[in-house]
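Trainee: Got a minute to go over the pockets in this one with me? I'd like to start with what lines them.

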Amino acid sequence: MRILHTMLRVGELDRSLAFYTEILGMRLLRRQDYPEGRFTLAFVGYGSEDDEAVLELTHNWDTSRYELGTAYGHIALAVPDAAAACAQIKARGGKVVREAGPMKHGSTIIAFVEDPDGYKVELIQRD
């Protein structure tokens, strides 16, 4: 077994696709409209779905906003330099909500950014 994808419901698909592709550098792997169900699925990631876990962005056409709740945490991405990644994300118009620095009660360097729907994405510095 392996993880295939994580699904996020998004309010505006084009805005979310721009964030994940233009700001975080993922690729749009596939996109399909389901007119009878009034929703669109778009899969984004850094590599092939055959080899890596990806994100499924689900846009329900009649819903423009979701309450995120308190159970959801975040998506985590490995980066070689968290501070440099934050600078690149800001330069591309992304929102950094916690600058790069050591995690609380630890030494791992982390940062957090937020997607257009308010989902948190953690950047974890890895050599």
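Mentor: Sure, but one bit of wording before that: Ala, Val, Leu, Ile, Met, Phe, Trp, Tyr, Cys and Pro count as nonpolar, Asp, Glu, Lys and Arg as charged, and the others, Gly among them, as polar. Also keep in mind that this is a predicted model.

Trainee: Okay, so how do the residues lining the largest pocket divide into nonpolar, polar and charged?

Mentor: Eleven are nonpolar, three are polar and one is charged.

Trainee: And which residues lie nearest the centre of that pocket?

Mentor: Ala 53, Leu 55, Ile 75, Ala 76 and Leu 77, out of 15 lining residues.

Trainee: Which strands supply at least two residues of that lining?

Mentor: Strand S3 (39-45), strand S4 (54-60) and strand S5 (75-79). The largest share comes from S5, with four residues.

Trainee: How much space lies in there?

Mentor: About 240 Å³ in the largest pocket.

Trainee: Switching over, how much space is in the second largest pocket?

Mentor: About 200 Å³. Its lining has 14 residues, and Leu 24, Val 79, Ala 85, Gln 88 and Ile 89 are the ones nearest the centre.

Trainee: Which elements give two or more residues to that lining?

Mentor: S5 and helix H2 (82-91).

Trainee: Which element gives the most?

Mentor: H2 does, with four residues in the lining of the second largest pocket.

Trainee: What about the classes there?

Mentor: The second largest pocket is lined by eleven nonpolar residues, one polar and two charged.

Conventions:
Residues are numbered from 1 along each chain as its sequence is written. This is a predicted model: local features need pLDDT of at least 70, side-chain atom pairs count only at pLDDT 80 or more; totals for chains, interfaces and linings use all residues. Side-chain values use heavy atoms; hydrogens and water are left out. On a 1 Å grid over the protein atoms alone, a cavity is a set of points where a 1.4 Å probe fits but cannot get out, and a pocket is an open set with protein on both sides within 12 Å along at least five of seven lines; lining residues have an atom within 4 Å of a point. Grid points are joined across faces, edges and corners, and a volume is the space filled by probe spheres set on the points.
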